[in-house]
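Welcome, and take a moment to turn the model around before reading on. This report is meant as a friendly first tour.

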Amino acid sequence: MIRSSGDRAIAHPVAFDLRFQLIPMTRSPDHPVAPYAVHVENSRGRRHAEPQHPYRNDFQRDRDRVIHSRAFRRLEAKTQVFTRRYSDHFRNRLTHTIEVAQIARTVAAQLGLNVDLVEALALAHDIGHPPFGHAGEKALDSAMRQHGLSFDHNLHALRIVEDFETRYAAFRGLNLTFEVREGIIKHSRDYDRVEHPELAEYLLGSQPPLEAQLIDITDEIAYASADLDDGYEARLLELEQIREGLPVFARFLSQAEKRYPDAAEKLQFNEALRRTLDRWAGDLIRNTQHEIKTAGFTSLEDVRACATRIAALSPEIEQERCQTKQFLYRNLYFSPALEPEKDDAERIIAELFALWMKEPEKLPSSYQEKAEQEPLARVICDYIAGMTDNYSYQQYEKNCAG
């Protein structure tokens with residue numbers, strides 16, 4: 001059964017029992033949903049009403065739509081920190097996204113949150129990123145600012161799921177639920193209602209649900225630990241350097257060396273890193289549980305009305321995370337070994353952007369048509385942001401090199 005009211009379409013989830021008789025689907029017995037969590041049966045719905053699926057609830061369908069999108073598949077060929085010049089084993093945007101989803105699901109289940117919503121948000125959280133990691137995002141934003149505009153990967157992700165993905169005959173985009181669209185926008189930052197009137201529907205004056213709040217901190221935890229791993233594997237970080245720079249890692253490494261004295265150095269490293277990640281994830285669970293109890297949340301409305309975000313690490317562990325992030329900036333992200341690739345990335349994006357601004361007739365016909373309705377700079381930005389690393393190189397060789 002579906003209720004519709006304007007932009008609001010609420011569907012009641014159902015599932016099959018063993019006799020294939022439709023019965024209501026509420027919550028999983030393994031993951032009970034707390035009163036302060038988002039309940040799928042109370043979703044604000046989709047822009048376009050759809051019949052309820054017989055055995056997947058709306059957030060599960062959103063998760064699946066993200067996974068089957070072209071934007072999600074392209075993450076496999078977008079740089080996280082290291083290009084494939086170093087190794088095929090290092091993280092890319094896709095594998096990083098999967099790791100965030102794994103951590104976020106685990107934490108969400110312990111907090112009584114809606115695991116399906118958390119998974120959908122985790123899988124969608126990076127689909128708006130351009131090629132070449134943060135260097136590419138910096139270059140694209142710089143190019144846009146020359147034309148009085150800007151690039152924001154969260155806003156671009158919303159454009160992807162609302163418009164760019166074309167998989168359905170009935171509507172453009174993925175027709176995701178309000179809660180997933182809201183989480184894409186609000187999971188990592190707050191947008192000002194005056195500066196972004198186009199986002200008014202997303203309750204900018206209220207806190208996002210805890211499901212969305214979790215994504216930013218699990219993202220931070222995931223990449224901090226993963227970048228230590230990849231940096232060590234790439235031999236840009238030495239074991240003793242990490243030991244000296246990060247006391248929490250040093251403590252766990254000493255324990256691993258005592259327990260496994262004959263193990264290879266890499267395996268001792270793995271043990272220390274695993275314990276560090278577990279320490280952070282466990283603290284996120286315990287500290288957020290404490291904050292929820294202290295705040296006295298009894299409903300989602302309580303979460304939205306709170307003065308601050310609640311999902312967070314404790315001060316001690318947050319200091320460890322920040323120390324790790326600073327260590328990575330000093331010793332890895334700005335490593336001289338990575339500078340040539342960053343310079344290449346920024347040059348490629350800047351030159352492609354300038355070329356198409358000067359000669360828009362060289363854009364694909366579909367983007368030329370879009371430029372009749374939208375600013376040319378925005379159309380070029382959309383085109384470049386959707387590229388993989390490899391396709392960016394190909395376009396540069398085709399249009400700018402020589």
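What follows goes from the whole chain to its aromatic rings, its cysteines and a few single residues.

## The chain as a whole

Please keep in mind that this is a predicted model. The protein chain is built with 17 helices and four strands. Its radius of gyration is 23 Å, close to the 21 Å that the globule rule gives for 402 residues, so the chain is as compact as a globular protein of that length. If you measure along the principal axes, the C-alpha trace spans about 60 × 60 × 45 Å.

How much of the chain counts as buried? Of the 402 residues, 55% do. The protein chain exposes about 19,100 Å², and carbon and sulfur atoms supply 50% of that area. Contacts also reach along the sequence: among those between residues at least 6 apart, 71% join residues at least 24 apart.

## Aromatic pairs

A pair of aromatic rings is described by the distance of the centres and the angle of the planes. In this structure, the count comes to nine aromatic pairs. One of them is formed by F249 and F269, whose ring centres are 5.4 Å apart and whose planes meet at 55°, so the pair is tilted. Tilted is the word for planes that are neither under 30 degrees apart nor over 60.

Where do the two rings sit along the chain? F249 belongs to helix α10 (residues 247-259) and F269 to helix α11 (residues 265-295), so their pairing ties together parts that are 20 residues apart in sequence. F249 counts as buried, at 2% relative accessibility, and F269 is buried too, with a relative accessible area of 0%. Y232 joins them: Y232, F249 and F269 form one aromatic cluster.

Another tilted pair is made by Y367 and Y383, with 4.6 Å from centre to centre and 40° between the planes. Y367 lies in helix α15 (residues 365-370) and Y383 in helix α16 (residues 376-385), so this pair ties together parts that are 16 residues apart in sequence. Y383 has 8% relative accessibility and counts as buried.

## Charges over rings

Two arginines are worth finding next, each with a tyrosine ring as its partner. R65 lies over the face of Y168, at 5.0 Å from the ring centre. The charged end of R189 sits over the ring of Y191, 3.9 Å from the centre of that ring.

## Cysteines without a bond

How many disulfides does the structure hold? The number is zero. For C381, the closest cysteine sulfur is the one in C400, and at 16 Å it is too far for a bond. C381 counts as buried, at 0% relative accessibility. C306 is buried as well, with a relative accessible area of 19%; the cut-off for buried is under 20%.

## Two residues with positive phi

Most residues other than glycine have a negative phi. Here are two residues that go the other way. L203 has a positive phi of about 55° although it is not a glycine, and its place is in the loop between α7 (178-186) and α8 (210-233). With a relative accessible area of 23%, L203 is partly exposed.

R235 is also not a glycine, yet its phi is positive, at about 65°. You will find R235 in the loop between α8 and α9 (239-245). Is R235 buried or exposed? Its relative accessibility is 72%, and R235 counts as exposed.

## A helix residue and a loop residue

I215 is a residue of helix α8, and at 0% relative accessibility it counts as buried. Which residues does I215 touch, leaving aside neighbours within four places in sequence? They are A104, V118, L121, A122, H125 and H187. By contrast, I215 and A401 are 40 Å apart in space, C-alpha to C-alpha, and 186 residues apart in sequence.

S299 sits in the loop between α11 and α12 (300-305). Although it is in a loop, S299 counts as buried, at 18% relative accessibility. Not counting residues up to four places away in sequence, S299 touches P35 and Y36.

How values were computed: Residues numbered from 1 in each chain as written. Predicted model: local features only at pLDDT ≥ 70, side-chain atom pairs only at ≥ 80, totals over all residues. Heavy atoms only, no water. Phe/Tyr/Trp six-rings, centres within 6.5 Å; stacked < 30°, edge-to-face > 60°. Buried < 20%, exposed > 50% of the residue type's maximum accessible area, 1.4 Å probe, protein only. Lys NZ or Arg CZ within 6 Å of the ring centre and 35° of its normal. Rg over C-alpha atoms; globule rule 2.2 N^0.38 Å. Contact = heavy atoms within 4.5 Å. Areas by Shrake-Rupley, 256 points an atom, 1.4 Å probe, with all protein chains shown as cover. Disulfide = S-S within 2.5 Å.
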